[in-house]
Amino acid sequence: QVQLVESGGDSVQAGGSLRLSCTASGFPSSMNCMAWFRQAPGKEREGVAAIYTHGGSTYVANSVKDRFTISQDKAKNTIYLQMNSPKPEDTAMYYCATGLRAGRAVVAGMGPGDFGYWGQGTQVTVSS
């Protein structure tokens, strides 16, 4: 069984920086692609960034492309989301996901239904 544990969420001022971490355990073959999603109160869960764990290719949503970076430490089965210059609209619960479903690919976007395993989330609050 795959388990995902997020950490690093905090309250931060706009213009600061924050790094989220997600460590995976369980069946490595399921962790073909790892991703970050976020969900603000009253809004749908949206994809933020993803990384293919074997090849290293990445996807970052246009809304955060110039500010957020996704990376991984394969030896630790951990991915990171570096959040630079966060804005109040980045306030949300951030979730880690893995287990990209067969036939799905992260190219120009991704949705929650593309992934089979989820962490519990870590809260990010950005104040102006």
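This passage describes the surroundings of Thr 122 and Glu 6 in a predicted model.

Thr 122 belongs to strand β11, which covers residues 122-127, and Glu 6 is placed in strand β1, which covers residues 3-7. Although 116 residues separate Thr 122 from Glu 6 along the sequence, their C-alpha atoms are 6.0 Å apart in space. Thr 122 has a relative accessibility of 9%, and because buried means under 20%, Thr 122 counts as buried. When its neighbours within four places in sequence are left aside, Thr 122 is in contact with Glu 6, Ser 7, Gly 8 and Gly 9, with Leu 20, and with Ala 92, Met 93 and Tyr 94. With Gly 9 there is also a polar contact, in which a polar atom of the Thr 122 side chain lies 2.9 Å from the backbone nitrogen of Gly 9.

Glu 6 is likewise buried, yet it has no salt bridge, and the nearest side chain of opposite charge, that of Arg 45, is 7.6 Å away. The side chain of Glu 6 does, however, reach backbone nitrogens: that of Cys 96 at 2.8 Å, and that of Gln 120, which lies 3.1 Å from a polar atom of the Glu 6 side chain. Both Cys 96 and Gln 120 also appear among the residues that Glu 6 touches once those up to four places away in sequence are not counted. Thr 122 is one of these residues too, and the others include Ser 21, Cys 22, Trp 36, Tyr 94, Tyr 95, Gly 119 and Gly 121. Tyr 94 is thus named in contact with Thr 122 and is also touched by Glu 6.

How values were computed. Residues numbered from 1 in each chain as written. Predicted model: local features only at pLDDT ≥ 70, side-chain atom pairs only at ≥ 80, totals over all residues. Heavy atoms only, no water. Helix = DSSP H or I, 4+ residues; strand = E, 2+ residues; numbered from the N terminus. Buried < 20%, exposed > 50% of the residue type's maximum accessible area, 1.4 Å probe, protein only. Contact = heavy atoms within 4.5 Å. Polar contact = N/O pair within 3.5 Å; in protein donor to acceptor, adjacent residues only side chain to side chain. Lys, Arg positive; Asp, Glu negative; His and termini not counted. Salt bridge = Lys/Arg side-chain N within 4 Å of Asp/Glu carboxyl O.
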